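Biologist: I'm new to this one, so could you take me through a close look at a single part of it? Start wherever you like and go on from there.

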Amino acid sequence: MITAAKRVSQVATHMGIAYALAYALTGSAALSGLAVLVEPVINVLLLPLHEAAWARWGGKAAKAGARYLVLAAEKFSQTGLHAGVAFGVMYVATGSAALGGIAALLEPVCNVLVLPVHDRLWDSFARGVQASGCAPIAT
């Protein structure tokens, strides 16, 4: 139950970051709300394709060092995909390549900074619940 709540909270946090950034760039609640709805849908549709391609390519790395290099390249590529989607959504919403570029740079950075803190808070909460014996923890 805690794992599901943590995932929902992660999505809400991600959407909150996207909304705040879009609103800061456009000043429009409507465009920001639309961006928050469209951007995750595009990412959800593209990410499985991205992961499948990397699973096929990365599975060929035999040595541990090569696997780590492939994993790092995959994460870098995933960040690029996410930034590209952020750029595209903001560009379509505003018609401004400059605002699209700002969104493409800031949105992933904000997620990289905020989401680990979010996860640590949830992990701390889960340990507290587990210590109290209130509920089983599924990780």
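Modeller: Let's start with I42, which is partly exposed, because its relative accessible area is 30% and the partly exposed class lies between the 20% and 50% cut-offs. Bear in mind that this is a predicted model. I42 sits in helix α2, the stretch covering residues 29-58. On the surface, I42 joins L34, L37, V38, L46 and L49 to make a nonpolar patch of about 510 Å².

Now over to another pair of helices. Two packed helices are described by the angle between their axes and the distance between the axes. Helix α1 runs over residues 2-26 and helix α4 over residues 97-132, and the two pack at an angle of about 150 degrees with their axes 9 Å apart. So α1 is roughly antiparallel to α4, since the cut-off for that label is an angle over 145 degrees. As for handedness, α1 passes α4 in a right-handed crossing.

These two helices also share a salt bridge: the side chains of K6 and D123 meet at 3.0 Å, N to O. That pair ties together distant parts of the chain, with K6 in helix α1 and D123 in helix α4, 117 residues apart. The count of salt bridges comes to 1. The two partners are covered to differing degrees: K6 counts as buried because its relative accessibility is 15%, below the 20% cut-off, whereas D123, at 34%, counts as partly exposed.

Key. Residues are numbered from 1 along each chain as its sequence is written. This is a predicted model: local features need pLDDT of at least 70, side-chain atom pairs count only at pLDDT 80 or more; totals for chains, interfaces and linings use all residues. Side-chain values use heavy atoms; hydrogens and water are left out. Patches are made of residues with over 30% relative accessible area and no salt bridge: like charges are joined within 9 Å, nonpolar side chains (Val, Leu, Ile, Met, Phe, Trp, Tyr) within 5 Å. Accessible areas come from the Shrake-Rupley method with a 1.4 Å probe; for residues, only the protein chains shown count as cover. A salt bridge is a side-chain nitrogen of Lys or Arg within 4 Å of a carboxyl oxygen of Asp or Glu. Helices (H or I, at least four residues) and strands (E, at least two) are DSSP runs, numbered from the N terminus. Buried means under 20% relative accessible area, exposed over 50%, partly exposed in between (1.4 Å probe, protein chains only). Axes are lines fitted to C-alpha atoms, for helices over the stretch in contact, and angles run from 0 to 180 degrees between N-to-C directions. Angles under 35 degrees count as roughly parallel, over 145 as roughly antiparallel, 65 to 115 as roughly perpendicular and the rest as oblique. A crossing is left-handed if the near helix is turned anticlockwise from the far one by less than a right angle, and right-handed if clockwise.
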